[in-house]
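Open the model in your viewer and keep the sequence panel beside it. The tour moves from one selection to the next, with a short note on what to look for at each stop.

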Amino acid sequence: MIRKKCCVGLVFALLLFMNYAYPVQAEQETNLNEVTYLKSETKKDAALEEVFAKEFGLTKGTDSIRYYYNKIDLNNDQVPETFVYLVGSMVCGTGGCSGLLLEGENGGYTVKSRFSLVRTPVIIQNETTNGWKNIVMYVAGGGIEPGYHQLKFDGANYPSNPSVQPIVEEDKIKGIGIINDEIAEDTGIVF
């Protein structure tokens with residue numbers, strides 16, 4: 001009996017750890033018929049790694065992180081920005097993982113916005129606010145009421161926490177779904 005309780009406790013602890021270490025994609029039924037989905041890039045990017053390591057205080061070779069990214073023009077200047085989605089126990093929680101929006105600068109990147117509670121895919125809408133495309137993120141977990149939330153550019157950056165942004169109805173969502181990958185323990189680019 002003691003052995004059985006120990007094993008059940010161990011399994012529970014392992015499942016709890018995996019929930020923190022590996023995010024779950026948005027697993028809801030959707031009516032997003034007007035969204036085109038893109039897989040993330042597969043090429044390792046050292047400049048990108050340098051920026052997110054500094055932003056999150058990560059050490060290469062020590063912190064177990066994987067990342068996914070897409071380049072997409074959000075402000076219609078014909079120069080794509082880069083959205084990065086990070087996965088690992090240092091950057092994830094029950095509500096999702098961390099993300100960054102980066103702008104290219106002198107062969108490198110600068111951080112435009114930082115996000116928490118990110119789940120994939122991230123939807124880039126066709127409509128804009130202050131010259132930048134609106135972003136929709138699915139929010140769930142950690143006691144949050146599940147739903148799609150719209151993040152609008154305020155003139156300087158996007159809000160960091162999607163859970164406190166306005167809810168948008170599924171039938172109103174049109175655009176491009178980025179980071180549309182099967183997020184699992186053995187996918188993504190290893191940091």
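**Stop 1: a buried arginine**

Select R66 first. In this predicted model, R66 is buried yet has no salt bridge. Which side chain of opposite charge is nearest to R66? Pick D186: the distance is 6.7 Å. A salt bridge needs a side-chain nitrogen within 4 Å of a carboxyl oxygen, so D186, at 6.7 Å, does not make one with R66. Now show the backbone of A184. Its oxygen lies 2.7 Å from a polar atom of the R66 side chain. For orientation, R66 belongs to strand β2, residues 66-72.

**Stop 2: helix α2 and its cover**

Select residues 46-56, which form helix α2. Colour its buried residues: L48, E49, V51, F52, A53 and F56. Note that E49 is on that list. Next, bring up what covers these buried residues. The cover includes β2, along with β3 (81-87), β5 (96-105), β6 (108-118) and β11 (189-190).

Then inspect the two ends of the helix. At the N-terminal end, D45 acts as a cap. One of its side-chain oxygens lies 3.1 Å from the backbone nitrogen of A47. After α2 comes G57, with a positive phi near 65 degrees.

**Stop 3: E49 and its two lysines**

Stay on the helix and select E49. This residue is buried, at 5% relative accessible area. Which residues are linked with E49 in a network of salt bridges? Add K44 and K60 to the selection; the three form that network.

Take K44 first. Its side chain meets that of E49 at 3.1 Å, N to O. K44 is partly exposed, with a relative accessible area of 43%.

Now turn to K60. The salt bridge between K60 and E49 has an N to O distance of 2.6 Å. This pair links distant parts of the chain: K60 sits in the loop between α2 and β2, E49 in helix α2, and eleven residues separate them. K60 counts as partly exposed, at 48% relative accessibility.

Why is E49 called buried while K44 is called partly exposed? Buried means under 20% relative accessible area, so E49 at 5% qualifies, whereas K44 at 43% falls between 20% and 50% and is partly exposed.

**Stop 4: E55 and R114**

Move along α2 to E55. What does E55 contact, leaving aside its neighbours within four places in sequence? Show L100, V111 and R114.

Focus on R114. Its side chain forms a salt bridge with E55, at 3.3 Å from N to O. The pair joins distant parts of the chain, with R114 in strand β6 and E55 in helix α2. They are 59 residues apart along the chain, yet their C-alpha atoms are separated by 8.9 Å. Both are partly exposed: R114 has a relative accessible area of 36%, and E55 has 29%. For the tally, a search of the whole structure finds five salt bridges.

**Stop 5: backbone oddities**

Follow strand β6 to L117. L117 has a positive phi of about 60 degrees, although it is not a glycine.

Next, select N106, in the loop between β5 and β6. N106 also has a positive phi, near 50 degrees, and is not a glycine either. Is N106 buried or exposed? Colour by accessibility: N106 is exposed, with a relative accessible area of 79%.

Then go to the peptide bond from T120 to P121. That bond is cis, with omega near -5 degrees. P121 is in the loop between β6 and β7 (122-129).

**Stop 6: the five-stranded sheet**

Finish on the open sheet. In what order do its five strands run? Trace β1-β10-β7-β8-β9, with mixed pairing. The edge strands are β1 (35-37) and β9 (144-151), each pairing on one side only. From one strand to the next, the twist averages 30 degrees.

Zoom in on β8, residues 132-141. This strand pairs with β9 in the antiparallel sense, over six bridges. For a last selection, take M137 and look across to β9: H149 stands opposite.

Definitions and conventions:
Residues are numbered from 1 along each chain as its sequence is written. This is a predicted model: local features need pLDDT of at least 70, side-chain atom pairs count only at pLDDT 80 or more; totals for chains, interfaces and linings use all residues. Side-chain values use heavy atoms; hydrogens and water are left out. Helices (H or I, at least four residues) and strands (E, at least two) are DSSP runs, numbered from the N terminus. Buried means under 20% relative accessible area, exposed over 50%, partly exposed in between (1.4 Å probe, protein chains only). Lys and Arg count as positive and Asp and Glu as negative; His and the chain ends are not counted. A polar contact is a pair of N or O atoms within 3.5 Å; within protein, one must be able to donate a hydrogen and the other to accept it, and residues adjacent in sequence count only if both atoms are side-chain atoms. Contact means heavy atoms within 4.5 Å. Two strands pair if DSSP finds at least two bridges between them. Axes are lines fitted to C-alpha atoms, for helices over the stretch in contact, and angles run from 0 to 180 degrees between N-to-C directions.
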